[in-house]
Protein chains: 2
Amino acid sequence: MSVIYNRVALIGLGLIASSMFWAMKRKGLAGEITGYARSAETRDTARRIGLCDRVCDTANEAVQDADLVVLCVPVGVMGSVVAGIADDLKPGATLSDVGSVKRDVIDNVSPHLPDHVHFIPGHPIAGTEHSGPEAGFAELFDNRWLLLVPVEGSDPKAVAQLRALWEGMGSNVEEMEADHHDLVLAVTSHAPHLIAYTMVGVADDLRRVTDSEVIKYSAAGFRDFTRIAASDPTMWRDVFLTNKDATLEILGRFTEELFALQRAIRTGDGEHLHDYFTRTRAIRRGIIEAGQDTDAPDFGRGKASS
Amino acid sequence: MSVIYNRVALIGLGLIASSMFWAMKRKGLAGEITGYARSAETRDTARRIGLCDRVCDTANEAVQDADLVVLCVPVGVMGSVVAGIADDLKPGATLSDVGSVKRDVIDNVSPHLPDHVHFIPGHPIAGTEHSGPEAGFAELFDNRWLLLVPVEGSDPKAVAQLRALWEGMGSNVEEMEADHHDLVLAVTSHAPHLIAYTMVGVADDLRRVTDSEVIKYSAAGFRDFTRIAASDPTMWRDVFLTNKDATLEILGRFTEELFALQRAIRTGDGEHLHDYFTRTRAIRRGIIEAGQDTDAPDFGRGKASS
């Protein structure tokens, strides 16, 4: 594949940025890729493992002459990061991000944007519970969705170029409106994460069941919650604080439904439970058919114990 | 490995029984293995795929002369199944089960037990979201826990023999008291399952987000919930109805904790959220160290797409 951007700058060098670097290198999608991280330790790690062609000590230096700048920092600091680099952005450059929340990012970034820059927010629906510059790998985005959330007046040519980059990194790209994005993600990601964090916290708190028992018998279902609940604390704090309304709405619906099921258990209403559990099975079938998970009976874990 | 029981009878031929059959065959742990399922269709399937040395049309026939009888039926029917076979159990035989709840099974099975039979309840902490006679595989119990819950006056020799069988099938065996078992499983399995079922139901119900959106973007966290929520509806209905008190207690604690986190989101208390999320990460580390999951960055899914 040919070069799509001559120079790309990655601001923030965690799981997503490092995976983007390796995914771009895999196909030669970018000329030079610069990187910046706030912490000197992260910058040292990046230099040591060859993450980025050039690691810069300031964000301003990293974005110099960049045709594409991607903000890979927690949602809560997007606005202040852009305020700091706005004057250094090249005329005609595209500015994007990978935040899990879009309305808040748009509201906080837009006021700082120079007129000569194309702002095209994005969100890769991909991740693991690992974080940091060493967590990335080139295949993270393969066959995963990338949502582009163009703001009003986005240049179609700039959008098409960014779309080509993500497709080159393995993603399937769709466009979505910001508020709808935030609601969809509240359902598919933000509420499930908060629920998983909560359940893991409850298990840890319970005095009559030891931590070692919880850990030993986690294969009974709890294990899937702990994987979700091991995700980066700073990133998730920001997600909940910036997608507050949609998350709280979904959690409200969740609690309502949970109370109905609890009542069915208390009153011994087996039919209600059976009907409910039968209905939820169908969604799982849809996900397997959509290719977003494997149907292997051991969830693929047996083959991955490397 | 040598034969541990000359004749084993499996009552109910779903995921667990079929995995037991293949696991026993793998190491030659049993002489003849008979099987019975209530539905003629399941019995036909079992005969077609070679599941069990002999598939019987009645449970009474299957347990004739069996040294070990394992009840692999939903928890809610354990008592009535034992009432139906009690007169056919061989003197000195061991009766066990694989139910996810232990106090209720003991209370319902014990009244029907002849004096000359050893009753030793058991629970393999292993499973997938698949069910039925074709779902089983020999490796299901490898490096997974098997909890034995001997009742008062259990014969130590009979317990040791059953332990040897499960170890031969790949399990790590521990003994646990029935009520404690039910509480531990409420935390590690029953409450997480109900929560996952609830979240999947909410997503399905939501009018403003389409099912196809939920399915497409499931990789964002929701996917792990759908896996849990695809488990067998009859089995899980019975689990919740028979481990009612412990499940409701844990769900009560869960709701309390969830409300505290919702309040932190609403009031913008980022420190509370960050502290909570940092604490839950440690549990995940423990599970990986305990060998109950893989640390592969893509959760092993990339390698399993067969």
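Trainee: Let's start with a loop: which helix and strand of chain A flank A:Cys52?

Mentor: Keep in mind that this is a predicted model. A:Cys52 has a phi near 85°, a positive value in a residue other than glycine. Most residues other than glycine have a negative phi. As for its place, A:Cys52 is in the loop between helix H2 (40-49) and strand E3 (54-55) of chain A.

Trainee: And is A:Cys52 buried or exposed?

Mentor: The cut-off for buried is 20 or more other C-beta atoms within 10 Å. A:Cys52 has 26 other C-beta atoms within 10 Å, so A:Cys52 is buried.

Trainee: Over in chain B, what does B:Asp65 count as: buried, exposed or partly exposed?

Mentor: B:Asp65 also has a positive phi, near 65°, and it is found in the loop between helix H3 (59-63) and E4 of chain B. The in-between class applies when the neighbour count falls between the limits of 12 or fewer for exposed and 20 or more for buried. B:Asp65 has 13 C-beta neighbours inside 10 Å, so it counts as partly exposed.

Trainee: Moving to the sheet of chain B, which strands are at its edges?

Mentor: The sheet is open, with six strands in parallel pairing and the order E3-E2-E1-E4-E5-E6. An edge strand pairs on one side only, and here those are strand E3 (54-56) and strand E6 (118-119) of chain B.

Trainee: Which residue of E6(B) stands opposite B:Leu95?

Mentor: Strand E5 (residues 94-97) of chain B pairs with E6(B) in the parallel sense, over two bridges. Helix H6 (residues 156-168) of chain B lies across E1, E5 and E6 of chain B, at about 50° to E5(B). Opposite B:Leu95 you'll find B:Phe119.

Trainee: What is the bridge partner of B:Ala9 in E4(B)?

Mentor: B:Ala9 has a partner in E2(B) too, namely B:Thr34. E1(B) pairs in the parallel sense with strand E2 (residues 30-36) of chain B over six bridges, and with strand E4 (residues 68-71) of chain B over four. In E4(B), the partner of B:Ala9 is B:Val69.

Trainee: How many of the seven residues of E1(B) are buried, and what is the handedness of the crossover to E2(B)?

Mentor: E1(B) is mostly covered, with six of its seven residues buried. From E1(B) the chain passes through helix H1 (residues 15-27) of chain B to E2(B), and this β-α-β crossover is right-handed.

Trainee: Why is helix H10 of chain B described as largely enclosed?

Mentor: Its buried residues, among them B:Trp236 and B:Phe240, pack against H11 and H12 of chain A together with helices H5, H7 and H11 of chain B. Helix H10 (residues 233-242) of chain B is largely enclosed by the rest of the structure because its buried residues number nine of the ten.

Trainee: Which helix gives the most to the side of chain A that touches chain B?

Mentor: In total, 100 residues of chain A are in contact with 100 residues of chain B. Six helices of chain A, H7 to H12, each supply at least two residues of that side, and its residues divide into 51 nonpolar, 26 polar and 23 charged. With 19 residues, the top contributor is H7(A).

Trainee: Last one: what kind of axis relates the two copies?

Mentor: Chain A superposes on chain B by a rotation of 180° with 0.0 Å of shift along the axis, at an RMSD of 0.0 Å. The copies are thus related as by a two-fold rotation axis.

Notes:
Residues numbered from 1 in each chain as written. Chains lettered and ligands numbered in written order. Predicted model: local features only at pLDDT ≥ 70, side-chain atom pairs only at ≥ 80, totals over all residues. Least-squares fit on C-alpha atoms with pLDDT ≥ 70 in both. Contact = placed C-beta atoms within 7 Å. Nonpolar A, V, L, I, M, F, W, Y, C, P; charged D, E, K, R; others polar. Pairing = 2+ DSSP bridges. Axes fitted to C-alpha atoms, helices over the stretch in contact; angles between N-to-C directions. Right-handed = clockwise from strand over helix to strand, strands pointing away.
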